[in-house]
Amino acid sequence: MKITILDPSPGEEDEIIIKCRRLDEGLIRLIRDYGGDDPRLKCRKDGKIYFIPPEEIFYFESVDDKVFVYCEKEVYEINHKLYELEKMLPREFMRSSKSSILCLDRIKSLAPAFGGRFEALLTNGERVIISRQYVPELKRKLGL
C-alpha cells in the first residue's frame, strides 16, 4: 500500500482520498475513525440516554440477549449486538469471548488461567476472562 501526503494550497480544504480495489473492514474502520462521525455510543441507564466516548469504556458484555457497557464505575445498556460493536469500535477493542469485547488499553495485567484462558485485571479492578480461542489474537495485538 502506498501512502501519499500532500500540503493543500492556501484556501484549499483538508481532504482525504482513498483509492482501493476493495473496501475491507480495516478501511471501513479507518473511515469511521477519521470520517467525522460522532464516535460516542448511545447508551441507556435509568430511562435516560447517555453518549459515551469509546475511550471511557472498559468492556462490553452480552447477558440474556442484552448488551451492557462497563465504564470505570457505571454500567449502561446499549442496543447493539456484539458483532455490530466489533465493526464500529476502534482497533484497541477486541473480542475476548463469545459474550464480551475488551478494551486493550484498560488492561493492567494478564495472568494465565485454567484451560488455556487468560484473566485480565483491568485498571478499575475488574477481572475479565479471555477465552482460549481469542488468546492468540490478544498476544498478537499486545506484541507478546
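# Reading the cores, contacts and salt bridges

Modeller: The largest nonpolar core in this chain has 16 residues, and Leu41, Ile57, Phe60, Val69 and Leu85 are those with the most contacts inside it. Strand E1 (41–45), E3, strand E4 (66–71), strand E5 (75–78), helix H2 (82–88) and strand E7 (100–103) each supply at least two residues of this core. E4 gives the most, with three residues. Please keep in mind that this is a predicted model.

Biologist: Thanks! What other core is there, and which residues are among its members?

Modeller: Apart from the core just described lies another, of 15 residues, with Phe58, Phe118, Tyr134 and Val135 among them. As a general point, nonpolar side chains in soluble globular proteins tend to be buried together.

Biologist: Why is Ile57 called buried?

Modeller: Ile57 has 0% relative accessibility, and buried means under 20%, so Ile57 counts as buried. The residue lies in strand E3 (residues 57–63). Leaving aside neighbours within four places in sequence, Ile57 is in contact with Leu41, Ile52, Val69, Tyr70, Cys71, Phe93, Cys103 and Arg106.

Biologist: And which residues does Val69 touch?

Modeller: Not counting residues up to four places away in sequence, Val69 touches Cys43, Ile57, Tyr59, Phe60, Glu74, Val75, Tyr76 and Ile78.

Biologist: Now a charged residue: why does Arg95 count as buried?

Modeller: The same kind of test applies. Arg95 has 13% relative accessibility; the limit for buried is under 20%, so Arg95 counts as buried. Arg95 lies in strand E6 (residues 93–97).

Biologist: What makes the link between the side chains of Arg95 and Glu86 a polar contact?

Modeller: The two side chains come to 3.1 Å, and a polar contact needs N or O atoms within 3.5 Å, so the pair qualifies. The Arg95 side chain also reaches the backbone oxygen of Lys98 at 2.8 Å.

Biologist: Ser96 is in strand E6 too. How do you know whether Ser96 is buried or exposed?

Modeller: With 0% relative accessibility, Ser96 counts as buried. Its side chain is joined to that of Ser100 by a polar contact of 2.7 Å. Leaving aside neighbours within four places in sequence, Ser96 is in contact with Ile101, Leu102, Val128, Ile129, Ile130, Ser131 and Tyr134.

Biologist: Let's turn to salt bridges. How many does a search of the whole structure find?

Modeller: The search finds five. One of them joins Glu77 and Arg44, with the closest N and O atoms 3.1 Å apart. Glu77 lies in strand E5 and Arg44 in strand E1, so the pair ties together parts that are 33 residues apart in sequence.

Biologist: Why is the pair of Glu74 and Lys45 called a salt bridge?

Modeller: The N to O distance is 2.1 Å, and the cut-off is 4 Å, so this pair passes. Glu74 is in the loop between E4 and E5, while Lys45 is in strand E1, so the pair ties together parts that are 29 residues apart in sequence. In general, side chains of opposite charge can pair when their charged atoms come close.

Biologist: What makes Glu74 and Lys45 partly exposed?

Modeller: Glu74 has 33% relative accessibility and Lys45 has 23%. Partly exposed covers what is neither under 20% nor over 50%, so Glu74 counts as partly exposed, and so does Lys45.

Biologist: Where do Arg140 and Glu137 lie?

Modeller: Both lie in helix H3, three residues apart, about one turn of the helix. Their side chains meet in a salt bridge of 2.8 Å, N to O.

Biologist: Why is Arg140 called exposed, and how does Glu137 count?

Modeller: Arg140 has a relative accessible area of 57%, and exposed means over 50%, so Arg140 is exposed. Glu137, at 30% relative accessibility, counts as partly exposed.

Biologist: One last case: which residues make a nonpolar surface patch, and why does Ile3 count as exposed?

Modeller: Met1, Ile3 and Ile5 make a patch of about 500 Å². Ile3 lies in the segment before helix H1 (25–34). Its relative accessibility is 70%, and the limit for exposed is over 50%, so Ile3 counts as exposed.

Notes. Residues numbered from 1 in each chain as written. Predicted model: local features only at pLDDT ≥ 70, side-chain atom pairs only at ≥ 80, totals over all residues. Heavy atoms only, no water. Patch = residues over 30% accessible without salt bridge, like charges linked within 9 Å, V, L, I, M, F, W, Y side chains within 5 Å. Areas by Shrake-Rupley, 256 points an atom, 1.4 Å probe, with all protein chains shown as cover. Helix = DSSP H or I, 4+ residues; strand = E, 2+ residues; numbered from the N terminus. Buried < 20%, exposed > 50% of the residue type's maximum accessible area, 1.4 Å probe, protein only. Polar contact = N/O pair within 3.5 Å; in protein donor to acceptor, adjacent residues only side chain to side chain. Contact = heavy atoms within 4.5 Å. Core = buried A, V, L, I, M, F, W, Y, C linked by side-chain atoms within 4.5 Å.
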